[in-house]
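User: Please explain how the labels assigned to this model are justified by the computed values.

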Amino acid sequence: MLQVILAGHTLDRELVRALRAGELPADVEPTPETISAAYARISRSPDPVPELRAQARRDVAASRKSNRTIVFRMGHHSVAEHVTLNFDVLGVSRLALEALEDARLCSYTEKSQRYVTFGGEHVVPEEFDGGDRERFERVVGEQIGFYRKAFERLHEWQRRRHPEQLGTKLGQETVEGWAKEDARYALGLATETQLGFSGNARNVEHVIRKLRHHPLAEVRGLSRALFDAASEVAPSLIILSDPERFREAFGREVSDAFVRRGRETIERLGRAAMAGAPAAGPEDRPRDGDVTLVDATPEPDVAVVAALLHGASGRSWGDCRERARALGEAGRSALVREALAELSEFDAVPREFEHAWFTMEVVLSAACYGQLKRHRMMTFTPQAYDPGLGITVPEAVAEVGLEGELRALADRSASVWAELARRHPRAADYVLLNAHRRRVLVTLDLREVYHVARLRMDRHAQWDIRRVAGSIVALARRAAPAAAALACGKDEYAARRAGG
Ligand SMILES: Cc1cc2nc3c(=O)[nH]c(=O)nc-3n(C[C@H](O)[C@H](O)[C@H](O)COP(=O)(O)OP(=O)(O)OC[C@H]3O[C@@H](n4cnc5c(N)ncnc54)[C@H](O)[C@@H]3O)c2cc1C
């Protein structure tokens, strides 16, 4: 069952000290709101910051009032960013998590289906009752049954293939992990998980507000639970997401028509505009595996090198671009290599690399989507899941002779999905598998390409995301051979930098 617990929050150090010493006066509330109230006053007060914090601590009611005025009435929302809130979220489905993790300025750490064996815990969506609930439970039961069978078969197979690993506990866990990693393609999106979720008060408010009108009942419940937990300690910073609280505080209605209906309107317009649109025909766009490059900065190498020259030379952009062009490919490559000569696998490439961007269309499994969406520095817009795109079958599942059964399970899940979708167009997705696929449009700059490559092409990365990251990098390298030359997994980096 869904549960949200406020796990922690920012607190003024003086309040922490007083609490520890048992010296906190009974009438002083240890709330994080005093930090944002004090910092909000910095812009207009001549008093030193520690004194502003002391004033805010002494009068919490005044701090709350000033938060309401400064953050919401004056629109200085960024002061709410000084308060961080942490939440334990339990009993949430993988599908609902997609909605939560859409908020890219927050932080998440979730239970991994790669490392933890699943015992069949799943969310039963409120949307389904009667026959629909029975259909849902039946197919989820089949998914869990197949997961167990696949896990056992894969585990046995991996043990036979890797006897050298079995001598240590770590080795045994690694082998077990490989089996879980592939068996999970049979798990559905209703599977329950848990996570730690942290964000600053501004972003938490944004999440609560956005999820409040989500089409899935579970996600709306998550929004309410986050609101209740955040309101426990920061009521003056969580106002916009509650129309009643907003009305009470400001005597007018909050305008939330777009959060309520904006997405629906866009979907309706998109469907209407595309109805009857002819297929574009075979397109001649660079492609690697399931990734297609649909757009990019013209001359991305020139853009990056020109930006490096621009920051250094004091000359105009036009002059720098002409020089970057005149250097030719070899000259640009040499310049990039020299500029990055001392870059280690822990350093971000310079910001100038953000001047080259790429838009790619990726077809990927739900399992892979769950990983790629965690890269927050890219623009990421998914289509709905589409069983028509087929499924991703792990090679190991085929090796142990279970491909046919996985495909049959995916087909049965897809027909239950189609039946449920007639009445519950969004909740039907709960019955789809981690193996089902969707299309995603991704725009990322070259700096993020480097970061994704470093983590996701590395040998520790899971094979599905490794393949997609490899394709993203291959396309970026084709478009920007000089600037993207060192984008690779962190295990390969030293050799590549040395010129391998
Ligand atoms: C092998 C492997 C195993 C993993 N296992 C798990 C797991 O079990 N559970 C799980 O939940 N996740 C797991 N992850 C996902 C991982 O924790 C990251 O969420 C994911 O890789 C995104 O990378 P990132 O946060 O470095 O960068 P991105 O989100 O791509 O951002 C790029 C860079 O921007 C900066 N940045 C972005 N946002 C922030 C921020 N809010 N604060 C500070 N800096 C920021 C950082 O410098 C970051 O490196 C795993 C990843 C790998 C590679």
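**Salt bridges and cysteines in a predicted model**

Analyst: In this predicted model, helix α6 (residues 130-161) holds both D132 and R135, which are three residues apart, about one turn of the helix.

User: What makes the contact of D132 and R135 a salt bridge?

Analyst: The N to O distance between their side chains is 2.7 Å. The cut-off is 4 Å, so the pair qualifies as a salt bridge.

User: Why is D132 called buried, and why is R135 called partly exposed?

Analyst: D132 has 7% relative accessibility, which is under 20%, so D132 counts as buried. R135 has a relative accessible area of 29%, which lies between 20% and 50%, and is therefore partly exposed.

User: How do you know that D288 and R478 form a salt bridge?

Analyst: Their N to O distance is 3.7 Å, within the 4 Å limit, so the term applies. This pair links distant parts of the chain, with D288 in strand β5 (residues 287-288) and R478 in helix α19 (residues 463-479), 190 residues apart.

User: Which residues are joined into one network by salt bridges that share partners?

Analyst: The network comprises D132, R135, E419, R422 and R423. The whole structure has 33 salt bridges.

User: Why is C368 not assigned a disulfide with C488?

Analyst: A disulfide requires sulfur atoms within 2.5 Å, whereas the sulfur of C368 is 19 Å from that of C488, its closest cysteine sulfur; the separation is therefore too far for a bond. The search of the whole structure accordingly finds zero disulfides. C368 is buried at 0% relative accessibility, and C488 is buried at 3%.

Key. Residues numbered from 1 in each chain as written. Predicted model: local features only at pLDDT ≥ 70, side-chain atom pairs only at ≥ 80, totals over all residues. Heavy atoms only, no water. Buried < 20%, exposed > 50% of the residue type's maximum accessible area, 1.4 Å probe, protein only. Helix = DSSP H or I, 4+ residues; strand = E, 2+ residues; numbered from the N terminus.
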